[in-house]
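This report is written for a reader who is new to the structure. Please keep the sequence and the three-dimensional view at hand while reading.

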Amino acid sequence: MAGLHFWKVHGNGNDFVILDDRIGEVSRERDLPSLTVRACARKTGLGADGVLLIQEGQEGDLFRMRLFNADGSEGEMCGNGARCFARMLHRLGLAGAEPVFLTGLGPVTAQVEGERVRLEMGEIDLAGGWFDEPLEDRDLPPGTRWSFMKVGVPHAVLWADSWQDVPEGTLRWIGKKYRHHPRCPQGANVNFAAPEAGALRVRTYERGVEDFTDSCGTGSCACGVVAVLRGGPSPVEVRNPGGMNLVGCRIQGGKAVLSLAGAAVFVAEGVWETEGA
């Protein structure tokens, strides 16, 4: 089969290969999980945390963002990916500076200002999760507490005064353990959050990538919700290894109304010769 035209974009180091599937050719002629695994391979493919497909939407002229994680599994939502998707729609002339598109979280509205993109994420239902429960585990810092919620995808937030004294290997082991915790039947992204000079320092072990990523948009949102529920102000500055996300959070009853702002940066455009990849 012929090569595939692609773009590569990252949101604070959370990187994606974007493919144009508006006429359905990619999804009709390719095995998407297998294609994604090969595309995301760091040494033999294009290298990415996931693949985004631009598809025609189901409601009026809305486009649809379809997301596949690096392991080939299909994801419902990705905040950094959605920012990259909005920037792509604007760059291709498919939408203006305020694109609206469909995700697994529902319709999302974006505002594109150069490399900075803001998303109106809508509201999430906090029912069915839990908040700020004590978590006893000898691998964790004393006083660690955890919360759980779905921001399109399930997130566990492990909150401690600091994670700096936890060795990298131990941190990765903890991420893997709680990613498969029995209280999270669908699995969960695991966010390690700690307060830092009026902001949050966050690292996320991502389901579907099965490792730490440089940034996670929905994880930043989940941590922002926890910070506000703990009495902190909104917006919340969330510092990921790859950059900063700004999370707006307003609690209304049992729901959280969210926004997410941060970088969406173009890396490359080209043709991926998929034969033998």
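## A partly exposed residue and its surface patch

Ile251 has a relative accessible area of 31% in this predicted model. Because buried means under 20% and exposed means over 50%, Ile251 counts as partly exposed. Ile251 belongs to strand 16, which covers residues 243-252.

On the surface, Ile251 joins Phe131 and Leu229 in a nonpolar patch. Together, Phe131, Leu229 and Ile251 have about 210 Å² of accessible area.

## Aromatic pairs

How many aromatic pairs does a search of the whole structure find? The search finds 7. One of the pairs is formed by Trp130 and Phe148, with ring centres 4.9 Å apart and planes at 20°, so this pair is stacked. Trp130 is located in strand 9 (residues 130-134), whereas Phe148 is located in strand 10 (residues 145-151). The pair therefore ties together parts that are 18 residues apart in sequence. Trp130 and Phe148 are both buried.

Tyr205 and Phe212 form an edge-to-face pair, because their ring planes stand at 90° and their ring centres are 5.7 Å apart. Tyr205 is buried, as is Phe212. Ring pairs also link Trp130 and Phe148 with Trp146 and Tyr178 into a cluster.

## Charges over rings

Phe212 has a further contact, with the charged end of Arg203. This charged end sits over the ring of Phe212, at 4.1 Å from the ring centre.

A second arrangement of this kind involves Arg91, which lies over the face of Phe266. Here the distance from the ring centre of Phe266 is 4.1 Å.

## Helix 3

Helix 3 consists of 13 residues, residues 79-91. What span should helix 3 have at 1.5 Å a residue? The expected value is 18 Å, and the end C-alpha atoms of helix 3 are 18 Å apart, which agrees.

Of the 13 residues in helix 3, 11 are buried, so the helix is largely enclosed by the rest of the structure. The buried residues are Gly79, Asn80, Gly81, Ala82, Arg83, Cys84, Phe85, Ala86, Arg87, Met88 and Leu89. After helix 3 comes Gly93, which has a positive phi, near 75°.

Notes:
Residues numbered from 1 in each chain as written. Predicted model: local features only at pLDDT ≥ 70, side-chain atom pairs only at ≥ 80, totals over all residues. Heavy atoms only, no water. Patch = residues over 30% accessible without salt bridge, like charges linked within 9 Å, V, L, I, M, F, W, Y side chains within 5 Å. Areas by Shrake-Rupley, 256 points an atom, 1.4 Å probe, with all protein chains shown as cover. Salt bridge = Lys/Arg side-chain N within 4 Å of Asp/Glu carboxyl O. Helix = DSSP H or I, 4+ residues; strand = E, 2+ residues; numbered from the N terminus. Buried < 20%, exposed > 50% of the residue type's maximum accessible area, 1.4 Å probe, protein only. Phe/Tyr/Trp six-rings, centres within 6.5 Å; stacked < 30°, edge-to-face > 60°. Lys NZ or Arg CZ within 6 Å of the ring centre and 35° of its normal. Expected span 1.5 Å × (residues − 1).
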